[in-house]
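Subject: Structure handover: charged side chains

Hello,

Here is the structure we talked about, with its sequence. My notes on the charged side chains follow below.

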Amino acid sequence: MKLYLIHIGFYEPKLLEGIYEQHGNILIAAKNTKDAKNKIKKKKIYIDKKMHIDGILEINTVDGYKINLEKNNK
């Protein structure tokens, strides 16, 4: 599994009458970019807010540290 940061955009009618696009970031663990895209599209918040994907970034390292995802069985 790899770690992906998905930059999403959406319009929120309750904020400034929905005129301006809002943005956020969601982290997803997935096998590849296509899998990450499919996973985000199934999330309730993505569907409810009618979000769209502005960008996907695979994160491999942070400040010189390698990212290693391990399944947590808790």
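Which side chain meets that of K2 in a salt bridge? The partner is E58, with N and O 3.9 Å apart. Please keep in mind that this is a predicted model.

The K2 and E58 pair joins distant parts of the chain. K2 belongs to strand β1, which covers residues 2-11, while E58 sits in strand β3, residues 52-59. In sequence the two are 56 residues apart. Both ends are partly exposed: K2 has a relative accessible area of 36%, and E58 has 29%. The cut-off for a salt bridge is 4 Å between a side-chain nitrogen of Lys or Arg and a carboxyl oxygen of Asp or Glu, so this pair, at 3.9 Å, is counted.

How many salt bridges are there in the whole structure? The search finds three. The other two are as follows.

K49 and E12
The closest N and O atoms of K49 and E12 are 2.5 Å apart, and the pair forms a salt bridge. K49 is in the loop between α2 (44-48) and β3, and E12 is in the loop between β1 and β2 (21-30), so the contact ties together parts that lie 37 residues apart in sequence. K49 is partly exposed, at a relative accessible area of 33%. E12 counts as buried, with 10% relative accessibility.

D48 and K44
D48 forms a salt bridge with K44, again with 2.5 Å between the closest N and O atoms. This one lies within a helix: both residues are in α2, four residues apart, or about one turn. D48 is partly exposed, its relative accessible area being 48%, and K44 counts as exposed at 62%.

One acidic residue has no such partner. D35, in helix α1 (residues 33-41), is buried but takes part in no salt bridge. Why is D35 not counted as having a salt bridge with K39? K39 is the nearest side chain of opposite charge, but it is 4.1 Å away, and a salt bridge has to be within 4 Å, so the pair is left out. What does lie by the side chain of D35 is backbone: a polar atom of that side chain is 2.9 Å from the backbone nitrogen of K31.

When you open the model, I would start with D35, as a buried residue without a salt bridge, and then look at the K2 and E58 pair across β1 and β3.

Regards

Note on methods
Residues are numbered from 1 along each chain as its sequence is written. This is a predicted model: local features need pLDDT of at least 70, side-chain atom pairs count only at pLDDT 80 or more; totals for chains, interfaces and linings use all residues. Side-chain values use heavy atoms; hydrogens and water are left out. Buried means under 20% relative accessible area, exposed over 50%, partly exposed in between (1.4 Å probe, protein chains only). Lys and Arg count as positive and Asp and Glu as negative; His and the chain ends are not counted. A polar contact is a pair of N or O atoms within 3.5 Å; within protein, one must be able to donate a hydrogen and the other to accept it, and residues adjacent in sequence count only if both atoms are side-chain atoms.
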